[in-house]
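Reader: Could you walk me through how a few labels in this model were assigned?

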Amino acid sequence: MMASTYNAKDEDGHITVAGPGGGTLRSRKPENTAFKQQRLPAWQPILTAGTVLPAFFVIGLIFIPIGIGLYVTSNNIKEFEIDYTGVDMSSPCFNCSQNFSWNSTRPCTCSIPFYLDQPYESNVFMYYGLSNFYQNHRRYVKSRDDSQLNGDSEALTKPSKECEPYAFHDNKPIAPCGAIANSMFNDSLELFYNDPNGTKVQIHLMKTGIAWWTDKHVKFRNPGGNNPNLTVAFQGTTKPVNWRKPVYELDSDQENDGFINEDFIVWMRTAALPTFRKLYRIIQKKKDMVLTLPRGNYTLEVVYNYPVRSFEGRKRMILSTISWMGGKNPFLGIAYITVGSVCFFLGVVLLIIHHKYGNRNNSADISN
Amino acid sequence: DREYNEKFQYASNCIMTSKYNIITFLPVNLFEQFQEVANTYFLFLLILQLIPQISSLSWFTTIVPLALVLSITAVKDATDDYFRHKSDNQVNNRQSQVLIRGSLQNEKWMNVRVGDIIKLENNQFVAADLLLLSSSEPHGLCYIETAELDGETNMKVRQSVSVTSELGDPNNLASFDGEVVCEPPNNKLDRFCGTLYWREKKYTLTNQNMLLRGCVLRNTEACYGLVIFAGPDTKLMQNSGRTKFKRTSIDRLMNTLVLWIFGFLVCMGVILAVGNAVWEREVGSLFQSYLPWDPPVDNFLFSAFLSFWSYVIILNTVVPISLYVSVEVIRLGHSYFINWDQQMFCSQCNTAAEARTTTLNEELGQVEYIFSDKTGTLTQNIMSFNKCSINGQTYGEVTDPLGPQQKKLDFTPFNPLADPDFCFYDDTLLESVKVGDLHTHEFFRVLSLCHTVMSEEKSEGELVYKAQSPDEGALVTAARNFGFVFRSRTPGTITTTEMGQTVTYSLLAILDFNNIRKRMSVIVRSPEGRIRLYCKGADTVLLERLHPCNQELMNITSDHLNEYAADGLRTLALAYRDLSEDEWEAWSESHRCADKATDCREDRLAAAYEEIEQDMMLLGATAIEDKLQEGVPETIAILSLANIKIWVLTGDKQETAVNIGYSCKMLTDDMTEVFIISGHTVQSVRQELRSGGGKKLRCPPPPPHPPPPPPPASPPPASPSPPSNLMDNISGEFALVINGHSLAHALEADMEGEFVSTACACKAVICCRVTPLQKAQVVELIKKHKKAVTLAVGDGANDVSMIKSAHIGVGISGQEGIQAVLASDYSFSQFRFLQRLLLVHGRWSYLRMCRFLCYFFYKNFAFTMVHFWFGFFCGFSAQTVYDQYFITLYNIVYTSLPVLAMGIFDQDVPDQRSLEYPKLYEPGQLNLLFNKREFFICITQGIYTSVVLFFVPYAVFYFYLTVLLPCTKRTPLFSLPVQTLFRIFPNQFHFVGSAQSTLLQPVVWLTIALATAICIVPVLAFRFLKLDLKPQLSDTVRKNKLRQKKRKMVGRNGRLGARSGSRRSGYAFAHQEGFGELITSGKNMRLSSLALATFASKHSSSWIDTLQHSTSMNNGFVND
């Protein structure tokens, strides 16, 4: 009884402040609004045992199943990785990696055999991976001209200063300018399936659909509007120093040539970490076949153009399937399981502490 | 004679308070703003960013916030200045009548020159500092109101030098060619020294002859004045100096921390620069085929140097500009809340509380010492004539306070001029007047003659008195009601109506009151030709100057005076002295001589006064009641429960002060001892202090052994406390009362420390008979020795020095004008509002500011340190993780509202609770919520968060196929406008399409959830443990509220039966003794119900537990 009457008083306490101020005199009494009197409704979480401990258990209970799900999904993803840098004497690419010069006209090729011990179903994604390659260096990241890449004709002939020292070559503007474009990955990789009957079957690799839609259709555009003749559009520019062919000869397909070449777009999206993978090709599942890549022997044919040994880099080729959560990623699953278990454990520990010490302490505090 | 005065190049009367004009505004304002270190720092950053090799962020990341801050400040300055211009113009263009070549011409104020003669009319503002030459009123008198100068609304009299007052009309004045020699311009409003040379004669000029700029002429038709000081030389302008800028301790701490953070920033910059040097040498040099070094940067050392500056730019977000802006905004918000608080609004005077300074709010939550004036602050400063002692007979005693209400005396049949509001209950005094007792008559005659009250008679019998002090008004009103009506005065006469007959006395001299003399006298010649000196003054000074034959009467009267003082009344003694014609002549000559002296004139005058105020005959004494303000004892009780020490500094006599102390509950009967220090010499003061200290030494503050043996000389009123009550009786139960002259000794350098240590060990300190200067000295002393936050509260001009020197000055807008309010930081009209200001607003402000700072530093460290970690993976190249728009807008858009909302609105406990549990105030005093330790905790937490924010995505992406910049997960969700924007500025919007592409990936969301959980879980666990095992008082209060609500619910559910009888009547919070008093007073009903609630929950813990569980599952949290 007492408590309830008191509470009613408590809530009314503020509102029943004296009525309107003194008659004719303009009252300077502040307005009685919830805002001005600081009585805005508020939510005040109090960390009591009743709220915190269940929260811990709930977090634990939610995280552990998610983690298990993630872990299982990740484990079902098949991934194959092969390093073809050619550091070892035994490696087939050793020769190519040793006697390399940017100007050599004759491409160096090497082929690496490998064995897939598992068949790959559904679409398989083929990546190239580079290590120790600082695509996230500040000077590297800013060395590009987005206006030029967006098809701006003025920027095409006058590349931004950020592109230096890859803005002009022989007094001609470079298209595409900048260090990122100049260092574009230009090994070409081809995959062959060695049929048990001895024939070598080339596997069809899809070049398109590997870049973001927005990049392909918004961010990157060829100069000269809809002019189909890219040679004309790029008139007056020169190719990047390291490139073998100009940008308008990247592909024979009109839709995949020039700045909107998808290999180029993928390369231009700089990686955040010095060890990275970039999507190279997609191996689509054929309608009539169950397996995209059956188990067996394969050969990777590499046209070795891209030197990485000078900075102790590594080049890899990765084959992987994907799931709803993307590629293989054991970390996320493990992390979820760990955090969930830690929460659960903490919940138990806190419960014990609360039961043993907290309660007594609290009541003592109050009855004193 | 303008031409002659031109030669001296006196200041013109044009005033300029504005700082800028249209042309100078931009450069001057910018120059002033860049004097702030923070602004300069950001300008420096901006310059760094313009260097392409260094710039890791584009320039707009700094210029946007900087421009925002600068322009807001500039707009504020500009509007302020615009209004100043407007008021300047208005003032400068006011018209005044100037006498030029014998005729009056209208001139603008700004064209008035020194030496001009100005005609002023009634209710006009005085244009410059004038020497009053003549006035329309007789004797060259004129009346002014000085509200703009000192805030006092009563009228003051000015009188012209008698020779010039005869120069009535403009023609005479035009030929006036006197020369004034005076002191240089200064800011002393009440002092002027000068000499007028005219027709080969010297005339002294005093403040009495001056009309100062800013005054308003009242009750005077017109007057003429000679301009002495103009424009910036006037006393008004000389006084409008800048007030001292006060800073809070949080401010100072914040500045130190900001410096530390700068140091930290430099350290990180150095680490990363070293890293850069190593990387460029080991890796970068090999990587040159893909990423050549910039042409000017040809070696790794230079690269490292540049990288250092780049990192300084990137990491500068640990101390963004918005910190300073947000702090100001929050303080402004708190100030508005104070202004808006209805519970600090006084409906009688129609004034709300006002925060006049917006920079001190959080310090209100840390106050440890309150220095309070007594008069007008603790008391209402409304005086009522209550008792008197005439010739050894005391009147006005209420014989039986419990009996039926005594009838108020009705004076009207006896005296038609009586003031109907006057209350007096003892009819014996009236009888004595009617009978015609000589002493009684003489007593009231003194009251009706010896004063400086001005009277105004609107119509016959309707007298209005304008008194300089309420005491005087009360005394003159008393005399009026007892048949000695003061009617009017001229400089030479006083007209009274004595028992119905009009009598005019010629006034020979007024020996004015001042603080040192503490008395005033008049010398009058009665119509019969008798010369008499009437004197009234403080009993101590007056009783020393009595004729020896008064010894017996003096003893009786002293007894009465002591009685009165014990009742908390203000006393004055009255005396007279008959003067012979010769005595008067002789004295008047010496007085004139002293009056004319140019050097040490005041000292000489005082000596002359001293000479004649001797051998007086005692008439009696008066006692005036000084009413306490509403709610004072309760406020003081609550404030002292909040561990705030209250010192009363008053000009009143010791007994009165002690008495007010008792009636305010500052001094209580159960105090162990009240030390009274009233020694007159250094030695005696020292000894008294020592003895006081010694007694306390015998009883060290937390005494493990019995209480001190009661000193035999003065046994404490309460019986020695039994050991069980020992804890209740620790350190605080002493009080110190110190006298003005003792204080003067105690404040000397060698005794300072001793005084402070003794005084601070006492629960209450009362300093009486202190001068305004001493008040300020005491405040300074505590500031110096205790490093505590001090608050001074006062209402009168004598408190201004104290208000200005304390950390926080509070002005009570009361009876004594508004000078104190003008000097104060906060003002309101009732002392009791102080508890709300401190315990509610101060506490909240402190709490909010602390939480705001913690949150702010946390969020910025969490944000910025990510770049530090990323440095290790990007070749220490100062590449940013986030998009630069995100960096630019992070502080001013994305995160500003949450911190601001918390900083402005957060309440940990509702306002009633903080008044109920004054102990909640303590964390502020101990500076617990934001100090270096808390700061480091925040920083550590911030760094932890940054580690999680960086390494969790790092780990995810390390294994993950699609490589994304981690920042993309933070880019805002506006894809369409971005695409449009991208078409316009392709170079600026790199992140086009990132949002669509990344936010569709479930992994991104899973990563966000994971990182959030990892960030929050440890903190949650830690806080829960802290709360569970070592709850703060505020937590317990909140928890109890929760419990209470549940109990309420229990009551509704009808499950209240489980309450078994408990014999304990404990309170929920018995942290403090003396709390019971509050509770038993009935105000704390809620507290006891709380306690009951606790028992219920304790005794039936099993079901309450289940209930707790179910309710917490149902509502989760309780709506506040």
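Author: Here are some questions and answers on exposure, patches and a helix. This is a predicted model in which local features need pLDDT of at least 70, side-chain atom pairs count only at pLDDT 80 or more, and totals for chains, interfaces and linings use all residues. Residues are numbered from 1 along each chain as its sequence is written, chains are lettered from A and ligands numbered from 1 in the order in which they are written, and side-chain values use heavy atoms, leaving out hydrogens and water.

Reader: Why is B:Arg1023 called exposed?

Author: Buried means under 20% relative accessible area, exposed over 50%, and partly exposed in between (1.4 Å probe, protein chains only). B:Arg1023 has a relative accessible area of 51%, so the residue counts as exposed. B:Arg1023 is found in helix H35 (residues 1002-1029) of chain B.

Reader: And what makes A:Phe344 partly exposed?

Author: Its relative accessibility is 33%, which lies between those two limits, so A:Phe344 is partly exposed. A:Phe344 sits in helix H11 of chain A.

Reader: What about B:Asn172, why is that residue partly exposed?

Author: The value for B:Asn172 is 36%, again between the limits, therefore the label is partly exposed. Its place is in helix H7 (residues 170-174) of chain B.

Reader: How do you know that the span of helix H2 of chain A is close to the expected one?

Author: The expected span is 1.5 Å times one less than the number of residues. Helix H2 (residues 49-76) has 28 residues, so 40 Å is expected, and the helix reaches 41 Å from its first C-alpha to its last. Among its buried residues are A:Phe56 and A:Leu70.

Conventions:
Helices (H or I, at least four residues) and strands (E, at least two) are DSSP runs, numbered from the N terminus.
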